[in-house]
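Biologist: Thanks for sitting down with me. Could you walk me through this fold, one question at a time?

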Amino acid sequence: MGFLELKNMSRSFGGLRAVDDVSFEVAKHQIKAVIGPNGAGKTTLFNLITGSLVCDSGEARINDVPIQNLPPHRIARRGISRTFQNIKLFSHMTVVENVMVGRHIRSRAGFLPAMLRLPGARREERAIRERSLEILSVMGIAELADQDATSLPFGTQRIVEIARALATEPELLLLDEPAAGLNIYETARVSEMITKIRERGVTVLVIEHDMSLIMNISDEIVVLSSGKKIAEGVPADIQKNEEVIRVYLGEDDA
């Protein structure tokens, strides 16, 4: 039994079957990748797992507890966090403030005590800031804590977004194309970050087009094409899979 289990997940938009009967498992503390050409259904699958979309059929379980079609905030409280292909940092907020937003899902003070600035709420806010600074230190960007997050280089903004996701204390982190738009040095840095995250006990499910990154960090890979799963296995097997080669290179080139 996997830590995350997807069974026959499907989602259609009109006549388009974006995710078509997809099943696989992710083991605890594993880095598992989901790859495939544009339009394969990768981000739609992430949206189904995190509650941004409702599935037409199928089941998703985390620690053997069903999560499909729960609202996103309840799924987040089950220990699932994500980043997005397009960076979604809050403008006019510092790096640490962006990370603190992610941390607030674990807060207990409630809206009214926070609004009235009661002593308990102030203590909790200090604790949230301290924990957020610790996460920034782990990610190697503590010195940027008080800078405007959206003024930073693109690659550094990616690291901030991952730090914000980690602030929720996820058991499972979903990364949607974390290396998109990055140069070779920034990509190497993200690769190190993902490995470090796993070393801290977080399970990672990642979508990525950079095959060198995926082959270097992944324990297993799932390949989607036109919404269907066409292959699953360790990187060495995926590299030799004839169906995967055809999907990526085309029939003639393959």
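**A walk through the fold**

Modeller: Gladly! Let me start with what is absent: the structure holds zero aromatic pairs. Please keep in mind that this is a predicted model.

Biologist: Then what lies over the face of Phe3, and at what distance from the ring centre?

Modeller: A charge counts as sitting over a ring if NZ of Lys or CZ of Arg is within 6 Å of the ring centre and within 35 degrees of the ring normal. Phe84 has such a partner in Lys88, at 4.3 Å from the ring centre. For Phe3, the residue over the face is Lys28, at 4.1 Å.

Biologist: Let's step back to the whole chain. How does the radius of gyration of the protein sit with that of a compact globule?

Modeller: The C-alpha atoms fill a box of roughly 65 × 40 × 35 Å along the principal axes, and 48% of the 254 residues count as buried. A compact globule with 254 residues would have a radius of gyration near 18 Å, so the value for this protein agrees with it. That value is 19 Å.

Biologist: Among contacts between residues at least 6 apart in sequence, what share join residues at least 24 apart?

Modeller: The chain has 10 helices and 10 strands. Among the contacts you describe, the share that join residues at least 24 apart is 67%.

Biologist: On to the sheets. Which strands stand at the edges of the four-stranded sheet?

Modeller: This is an open sheet with the order 2-1-4-5 and antiparallel pairing. An edge strand has a single partner strand, so one side of it is left without a neighbour in the sheet. The two that fit are strand 2 and strand 5 (65-66).

Biologist: Over how many bridges do strand 1 and strand 2 pair?

Modeller: Strand 1 (residues 4-13) and strand 2 (residues 16-26) run antiparallel. Ser12 stands opposite Arg17, and Met9 has Val22 as its bridge partner. In their hairpin, with two residues between the strands, Gly14 takes a positive phi near 65 degrees. The bridge count for this pair is seven.

Biologist: And in strand 4, which residue is the bridge partner of Leu4?

Modeller: Strand 1 also pairs with strand 4 (residues 57-62), in the antiparallel sense over five bridges. In strand 4, the partner of Leu4 is Ile62.

Biologist: How many residues of helix 1 are buried?

Modeller: Helix 1 (residues 42-50) lies across strand 1 and strand 2, at about 115 degrees to strand 1. Its buried residues include Leu45, Phe46, Leu48 and Ile49. After the helix comes Gly51, with a positive phi near 85 degrees. The helix is mostly covered, and the buried count among its nine residues is eight.

Biologist: Now the six-stranded sheet. Which strands are at its edges?

Modeller: It is an open sheet with the order 6-7-8-3-9-10 and mixed pairing. Each edge strand has a single partner, so one side is left without a neighbour; these are strand 6 (80-82) and strand 10 (228-233). From one strand to the next, the twist averages 20 degrees. To name the edges once more, they are strand 6 and strand 10.

Biologist: Which helix packs on that sheet?

Modeller: The helix in question touches strand 3 (31-35), strand 7 (172-176) and strand 8 (203-207). Its direction makes about 135 degrees with that of strand 3. It is helix 7 (residues 184-199).

Biologist: In strand 10, which residue is the bridge partner of Val223?

Modeller: Strand 9 (residues 220-225) and strand 10 pair in the antiparallel sense over five bridges. They form a hairpin with two residues between them, and Ser226 in the turn has a positive phi of about 50 degrees. Val222 has Glu232 as its partner. For Val223, the partner is Ala231.

Biologist: One last residue: is Glu242 buried or exposed?

Modeller: Glu242 is found in helix 10 (residues 242-249). Glu242 and Ala231 are 11 residues apart in sequence and 9.8 Å apart in space, C-alpha to C-alpha. Exposed means over 50% relative accessible area. Since Glu242 has 57% relative accessibility, it counts as exposed.

Key. Residues numbered from 1 in each chain as written. Predicted model: local features only at pLDDT ≥ 70, side-chain atom pairs only at ≥ 80, totals over all residues. Heavy atoms only, no water. Buried < 20%, exposed > 50% of the residue type's maximum accessible area, 1.4 Å probe, protein only. Phe/Tyr/Trp six-rings, centres within 6.5 Å; stacked < 30°, edge-to-face > 60°. Pairing = 2+ DSSP bridges. Axes fitted to C-alpha atoms, helices over the stretch in contact; angles between N-to-C directions. Contact = heavy atoms within 4.5 Å. Rg over C-alpha atoms; globule rule 2.2 N^0.38 Å.
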